[in-house]
Each structure stands twice: as C-alpha cells, then as structure tokens.
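Work through the following exercises with the sequence and the 3D structure open beside you. Try each task before reading its solution.

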Amino acid sequence: MARASYTCPCGAVLRYKQDLEKEPGTTVPSWKCKDCGTPVPGTVAEKIKHQHPS
Ligand SMILES: [Zn+2]
C-alpha cells in the first residue's frame, strides 16, 4: 500500500501518527498539524494516523 503524506501550508510534511494532533471533543475526530494547528483533511489524516516510522 502506498504511503500517504500531507504537506502542510506551514511547510511541515506529515507522514506519521505523531505528526498529527487529534482534536478532542467532537463526534468525528478531526486532526491538525502538530506544528501549526492547521486542520488536515480527514481522508488524508485517516491514512497518516495508521503510519508509523519503522
Ligand atoms: Zn503545519
């Protein structure tokens, strides 16, 4: 399976679960860039959050 990544407008490349920050308190989890807090599109975040550096 191809690895997903997302380049945030702040310049951070999000590849792994720890690059995301989960936004709590909502029924559907939303995810943000850990560096700047910009929301990450859900479809991309769903892939990234399953990825870990190995
Ligand atoms: Zn960012």
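The exercises below go from the whole chain to the sheet, the core and two single residues. The model is a predicted one.

**Exercise 1. The whole chain**

Find how many helices and strands the protein chain has, and in what pattern they follow each other.

Solution. Step 1: count the elements; the protein chain has 1 helix and 5 strands. Step 2: read along the sequence, which gives the pattern β-β-β-β-β-α. Step 3: look at the extent of the C-alpha trace, which spans about 30 × 25 × 15 Å along its principal axes.

**Exercise 2. Radius of gyration**

Decide whether the radius of gyration of the protein chain agrees or disagrees with that of a compact globule.

Solution. Step 1: take the number of residues, 54, for which a compact globule would have a radius of gyration near 10 Å. Step 2: compare this with the protein chain, whose value is 10 Å, so the two agree. Step 3: add the burial, since "compact globule" says nothing of single residues; buried residues make up 15% of the 54 residues. Step 4: turn to contacts with a separation of 6 or more, of which 48% are between residues 24 or more positions apart.

**Exercise 3. The sheet**

Work out the order of the strands in the open sheet, and which strands stand at its edges.

Solution. Step 1: start with strand E3 (residues 20–23), which pairs with E4 in the antiparallel sense over 4 bridges. Within this pair, Leu20 stands opposite Cys33 of E4. Step 2: go on to strand E5 (residues 39–40), joined to E4 by 2 bridges and also antiparallel. Here Lys32 has Pro39 in E5 as its bridge partner. Step 3: put the pairs together; the open sheet has 3 strands in the order E3-E4-E5. Step 4: E3 and E5 each have a single partner strand, so they stand at the edges, and one side of each is left without a neighbour in the sheet. Step 5: inspect the link between E4 and E5, a hairpin with 5 residues between the strands. In its turn, Gly37 has a positive phi of about 85 degrees.

**Exercise 4. The core**

List the residues of the largest nonpolar core and name the elements that each supply at least two of them.

Solution. Step 1: the core has 7 residues in all: Leu14, Leu20, Trp31, Cys33, Val40, Ala45 and Ile48. Step 2: strand E4 (30–33) and helix H1 (42–48) each supply at least two residues of this core. Step 3: follow one member, Ala45; leaving aside neighbours within four places in sequence, Ala45 is in contact with Leu20, Trp31 and Val40.

**Exercise 5. Two residues**

Classify Ile48 and Ser5 as buried, partly exposed or exposed.

Solution. Step 1: Ile48, in helix H1, has 20 other C-beta atoms within 10 Å. The cut-off for buried is 20 or more, so Ile48 is buried. Step 2: Ser5, in the segment before strand E1 (6–7), has 14 C-beta neighbours inside 10 Å and therefore counts as partly exposed. Step 3: check their contacts, not counting residues up to four places away in sequence. Ile48 touches several residues, including Ala4, Tyr6 and Tyr16, while Ser5 touches Val13, Leu14 and Arg15. Step 4: set sequence against space. Ile48 and Tyr16 are 32 residues apart in sequence, yet 5.4 Å apart C-alpha to C-alpha. For Ser5 and Arg15 the values are 10 residues and 4.8 Å.

Notes. Residues are numbered from 1 along each chain as its sequence is written. This is a predicted model: local features need pLDDT of at least 70, side-chain atom pairs count only at pLDDT 80 or more; totals for chains, interfaces and linings use all residues. A residue is buried if 20 or more other C-beta atoms lie within 10 Å of its own, exposed if 12 or fewer, and partly exposed in between; C-beta atoms are placed from the backbone. Two residues are in contact if their C-beta atoms, placed from the backbone, lie within 7 Å. The radius of gyration is taken over C-alpha atoms; the globule rule is 2.2 Å times the number of residues to the power 0.38. A nonpolar core is a set of buried Ala, Val, Leu, Ile, Met, Phe, Trp, Tyr and Cys residues joined through C-beta atoms within 7 Å. Two strands pair if DSSP finds at least two bridges between them.
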